[in-house]
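Student: I should like to take a close look at a single part of this structure and follow it outward to its surroundings. Please give one connected account.

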Protein chains: 2
Amino acid sequence: MTLDGAPLDLDVAQPALLFDLDGTLVDSVYQHVISWQEALAECGIALSVWRIHRRIGMSGGLFLDALQRETGELGVETLQRLRRLHAEAYLERSAGVVPFPGARELLQLLHARGVPFAIATSGARETAGSALALLDLPPDVPIVTRELVERAKPDPHLFLAAAQLLGMSPRHCFVVGDSVWDLLAAQRAGALGIGLLSGGYGLDELERAGAYRVYADTAEMLVRLEEVGVRPAR
Amino acid sequence: MTLDGAPLDLDVAQPALLFDLDGTLVDSVYQHVISWQEALAECGIALSVWRIHRRIGMSGGLFLDALQRETGELGVETLQRLRRLHAEAYLERSAGVVPFPGARELLQLLHARGVPFAIATSGARETAGSALALLDLPPDVPIVTRELVERAKPDPHLFLAAAQLLGMSPRHCFVVGDSVWDLLAAQRAGALGIGLLSGGYGLDELERAGAYRVYADTAEMLVRLEEVGVRPAR
């Protein structure tokens, strides 16, 4: 009962989960990083690998915008060539890419318990396809790739689209991601963010980007699901 | 003059610099990380890439000890095979490895000004050789590789050996490294540590490991050398 005698309104929705893909569900960040370096080197652009790593997870467009601030204008042809070379270099390496420990189990548990979830990646469908195939996703899971929205992370569009496809308000969603761009986009979308260390960023970077909680990887998140309001299997 | 009338003793030595190699002077960490993953996968051991990244810069022996805590005892043959597979995989990738921006210029400036410096790496001479060749080192620079000491980082032996070869007390040396293992080994050796972000670790991780200063990379360190008592060229 409230002070005025009316019943309390405590209808808190079961949260939905909006997952990033690379570095969050599949162990592909380092292959993407090296592939970008190789593509850039082929175009005569020297960029240290750690600087690429710190940009991964942004939209490719923003990544290339940031790059051009350092290199000067690259021209449409070079930009297209970079994207193509990156995709080729990544697909060559993608045989070594595996799901993170606990990733498939986590998604299966959520599915079994009826917890809505979606995948929202800054990646293109072409490079995301092989990663998605590793996850044995149920057929009804919404998947939002770069092509479906005007702007990618750290803009909120990918996560807003994923929430809408689930029929959920972003306010009732947790974004799960490995990069600061995921967590910044979560804030922009009005959702809480869960950071995972599995993309190779530091705990502090993820906390400073607004993470509600940070876990090592999907395996740790699986055993701590009650912290985000999902009860684990007993 | 001191209180008792004796002259002040302010004979502070010009500091010497003890450099780590991979991730500090050459951009090779991500290639090492992927090469370890490939070697481990060939031996049937699945380990997430970020966990390998967080161990890089330790001695290979400690890295494999840490691994065995997770996998159980691997046996001498598997351990030898892992080292060999890693070295092979790395040498295949080493064509893409370049010095960091400012690395050669920094070493040349130190040499020109008579500032003593050495290189101390947890790596084996076999894999370090190609990286060292990129740096155009003066012939008199002491180089300490894994084979020369009983224990590698985070034990202090590599840096103690490097300081001794320079004829310096570790107390008058700065260790320059990209990983927490460099900075922990610096503390053990009684030297101050300078962290560089170029190995892909977060600022906070390096500060927590005791860094006196943290710079982005050798290019930034070059323009801030006065902060460690070396005056830059005007």
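Student: In what order do the six strands of the open sheet of chain A stand, and is the pairing parallel or antiparallel?

Tutor: The model is a predicted one, and the description below should be read accordingly. In chain A, the order of the six strands in the open sheet is β3-β2-β1-β4-β5-β6, and they pair in the parallel sense. The edges are taken by β3 (143-144) and β6 (213-215) of chain A; each has a single partner strand, so one side of each has no neighbour in the sheet. At the β3 edge, β2 (residues 117-120) of chain A runs parallel to β3(A) and is joined to it by two bridges. Within this pair, Ala120(A) has Val144(A) of β3(A) as its bridge partner. A helix also belongs to the picture: α8(A) packs on the sheet, where it touches β4 (173-177) and β5 (192-196) of chain A. The direction of α8(A) makes about 170° with that of β5(A).

The sheet of chain B can be described in the same manner. Its six strands form an open sheet with parallel pairing, in the order β3-β2-β1-β4-β5-β6. Here the edge strands are β3 and β6 (213-215) of chain B, each of which pairs on one side only. Within this order, β1(B) has β2 on one side and β4 on the other. Towards β2(B), the pairing is parallel and extends over three bridges; in it, Phe19(B) has Ile119(B) as its bridge partner. Towards β4(B), the strands again run parallel, now joined by four bridges, and Leu17(B) stands opposite Phe174(B). The two faces of β1(B) are both covered: Ala16(B) and Leu18(B) are buried on one side, and Leu17(B) and Phe19(B) are buried on the other.

Two helices of chain B may be considered together with these strands. Helix α7 (residues 157-166) of chain B has as its buried residues His157(B), Leu158(B), Phe159(B), Leu160(B), Ala162(B) and Ala163(B). The cover over these residues includes the strands β1 (16-19), β2 (117-120), β3 (143-144) and β4 (173-177), together with α8 (180-189), of chain B. After α7(B) comes Gly167(B), which has a positive phi near 70°. The other helix, α8(B), lies across β4 and β5 (192-196) of chain B and runs at about 170° to β5(B).

The next level is that of domains. For chain A, the domain assignment gives domain 1 as 16-28 + 99-228 and domain 2 as 30-96. The C-alpha centres of these two domains of chain A are 23 Å apart. Their contact involves 16 residues from domain 1 and twelve residues from domain 2 of chain A. On the domain 1 side, the elements giving two or more residues are α6 (125-133) and α8 (180-189) of chain A, and the largest share, three residues, is that of α6(A). By class, this domain 1 side of chain A has three nonpolar, seven polar and six charged residues.

It remains to relate the two chains. Chain B is superposed on chain A by a rotation of 180° with 0.0 Å of shift along its axis, at an RMSD of 0.0 Å. This is the relation of a two-fold axis. Among the residues of chain B, Gly202(B) comes closest to the rotation axis, with its C-alpha at 2.6 Å. Both copies use the same surface, since 100% of the contact residues of chain B recur in chain A.

The contact between the chains takes 25 residues from chain B and 25 residues from chain A. On the side of chain B, α1 (29-42), α2 (49-53) and α9 (203-208) of chain B are the elements that give two or more residues. Of these, α1(B) gives the most, with six residues. The residues on this side of chain B divide into twelve nonpolar, eight polar and five charged.

Conventions:
Residues numbered from 1 in each chain as written. Chains lettered and ligands numbered in written order. Predicted model: local features only at pLDDT ≥ 70, side-chain atom pairs only at ≥ 80, totals over all residues. Buried ≥ 20, exposed ≤ 12 C-beta atoms within 10 Å, placed from the backbone. Contact = placed C-beta atoms within 7 Å. Pairing = 2+ DSSP bridges. Axes fitted to C-alpha atoms, helices over the stretch in contact; angles between N-to-C directions. Nonpolar A, V, L, I, M, F, W, Y, C, P; charged D, E, K, R; others polar. Domains from an automatic or database assignment. Least-squares fit on C-alpha atoms with pLDDT ≥ 70 in both.
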